[in-house]
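I opened this entry to look up how charged side chains pair in the structure, and where the partners sit along the chain.

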Amino acid sequence: YIGKKLFSRNNTTKATNTREWDFFLNKVETYFKQGGKFIRIMQSPWSALIEYEKKGNYFDRLHYAWEQDKLLDLCEQYDAMMLFNLMNHTPFEICSSYFAFHWDWERYWIDENGQIYYNHDEDWPLYCYNTNSKEIGGKLPHQTLADDEDLLYHQQRTRYYISRYGYSTNIYEFELLSEPFNVDVNAKYKTQPYFVPQDGATDEQIAYQKELFQSIEKYQRNISTYIKEELGHDEHLIGVDYASGIWNPDSTKWQLDKSYAFKHIDIIALNDYDVAQNRYIKSKSGSNNEFGLNENSKARMIHDLYQRSQKPIILSEQGIGDGFGACTEYAESKIDAMSMGFVGVCGFNVWEGKDWVQSFIWPSTILAQNFAQEHIVQVLNQGNGNWIQGRQVGKIKNSHKVGAKEVQYYLSEDRQQACGYVRNRTHNTHTKRMDEGCNLLKSPNPFLVDNFDDAPINELTDITWSDGPKSSTLVVEGLDKNAVYEIHFYLQFKNKLIVSYKEQTSSKGKFTIKFPKLVVQNEDYNNPIVWFTLQKVE
């Protein structure tokens, strides 16, 4: 939350002083020095956006452009890559869902009793595109995205960014909007017009949603076409952003804007936050892309979105959700860093760690990055991108309703090598909370729903590979039959080889994963997840 403490009422163009800027820049450099190679920046009105108070006038905000020059200089110095988001969503929210009221669309609301509710002072400048704000029911945020005159100004701002930063090969993507699904959100009344399910919606809601989608589509089609055709700039990927959780197999339930289909869109992003520890998989093992996918699976979301778009998917943001990180000492964040690379994405950002006080998470992120570059890329490249996914969960006791051990992996097209992880799922947000009230924490986002599993694995248990019935033994499938493979296991968060062995596959091409003990009950030592690589022995 950026409040009045950092601003004078007549100067919203500066959020910090030079000492604070130097502190931030030094932290980014510290991350790069540790080996970090990827960052993401968003054009937020309190930290980077060059246009806020005056439409088409950037004079008082060019220091933000200079600051981003310095970030790019660091990227070039350390051979790091930047995802450059061209517009943050907060100014397009009627009432911000993260208490950034000074920067959202409207100055006040009138409640059902006619009482005026002010979110910021009368003399605080409104976002320059809100030109009809004197009464409720004036111009809505989505209308600026479709207004032909406003679009000319949005193009002008985009041209400035592309002209200033388009030279850099250290920018790997220009993302058009951050979370466009938050356009017209009103957190005060808890309304999200983008997320209106079609079953049970009123005609008015459906018509509103249709208009909202058309506005988002018009903006993203317009800006992407402007970049690629009018500016002639095709040296960078252009991406659009979506929320997770709407990829239900019942396509009549959820609708979404069709920006992903535009010809100038190269890459699709998902923003995924989910505290449920079964969000990866529930089903049995399998050795092809269609196997083991269910509607609660993150891999299913990636799979379904790819089927719609036929474009590569990244996670521009992901994590366990607001409030849950701190109350579990970010236990799941490190596991996410080790496991997200195996759900079918071509890349992901670890949102936890964005603040310098969370810098203890950086080493896990960097190790995941290095493991991916050393092992995952090798497996995926073997068949020129034609790889295979596999996944499985297994019970450790017949009485358990859900599996406590989990594997996900990639298999090369020639079936000669694989890599993946094995996880102890009793180590989860439910079991690692520091107190009983942890799962009841109130999030700054009023739309967040506590979605722990219906049947959580709610007792920490150390797991060995042979625990549970024989049918729950974890395996890699789809390998050459009766062939010898060698498996290597790498210690949690260290990318350090800890044990290896060779074994012959079965007559069905299955390799038993005899993983090292996954310890979660020892206060001084925990290894709830291990990586592995698998290679056929010639």
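I began with Arg425 and Glu406, and I noted that both residues are buried. The model I am reading is a predicted one. The side chains of Arg425 and Glu406 meet in a salt bridge, with 2.9 Å from N to O. I then looked up their places and found Glu406 in strand 10 (residues 405–411) and Arg425 in the loop between strand 11 (417–424) and strand 12 (475–476), so that the pair links distant parts of the chain, 19 residues apart.

Next I turned to Asp266 and Lys228, whose side chains form a salt bridge at 2.9 Å, N to O. Because Lys228 belongs to helix 5 and Asp266 to the loop between strand 6 (237–243) and strand 7 (267–273), this pair ties together parts that are 38 residues apart in sequence. I recorded Lys228 as buried, with a relative accessible area of 15%, while Asp266, at 24% relative accessibility, counts as partly exposed.

My third lookup was Asp148 with Lys218, a salt bridge between side chains at 2.8 Å from N to O. Asp148 lies in helix 4 (residues 148–165) and Lys218 in helix 5 (residues 203–230), and therefore the pair ties together parts that are 70 residues apart in sequence. I noted that Asp148 counts as exposed at 53% relative accessibility, whereas Lys218 counts as partly exposed at 33%.

Finally, I looked beyond single pairs and found Arg40, Glu175 and Glu317 linked in a network of salt bridges. For the whole model, I wrote down a count of 18 salt bridges.

Technical notes. Residues are numbered from 1 along each chain as its sequence is written. This is a predicted model: local features need pLDDT of at least 70, side-chain atom pairs count only at pLDDT 80 or more; totals for chains, interfaces and linings use all residues. Side-chain values use heavy atoms; hydrogens and water are left out. A salt bridge is a side-chain nitrogen of Lys or Arg within 4 Å of a carboxyl oxygen of Asp or Glu. Helices (H or I, at least four residues) and strands (E, at least two) are DSSP runs, numbered from the N terminus. Buried means under 20% relative accessible area, exposed over 50%, partly exposed in between (1.4 Å probe, protein chains only).
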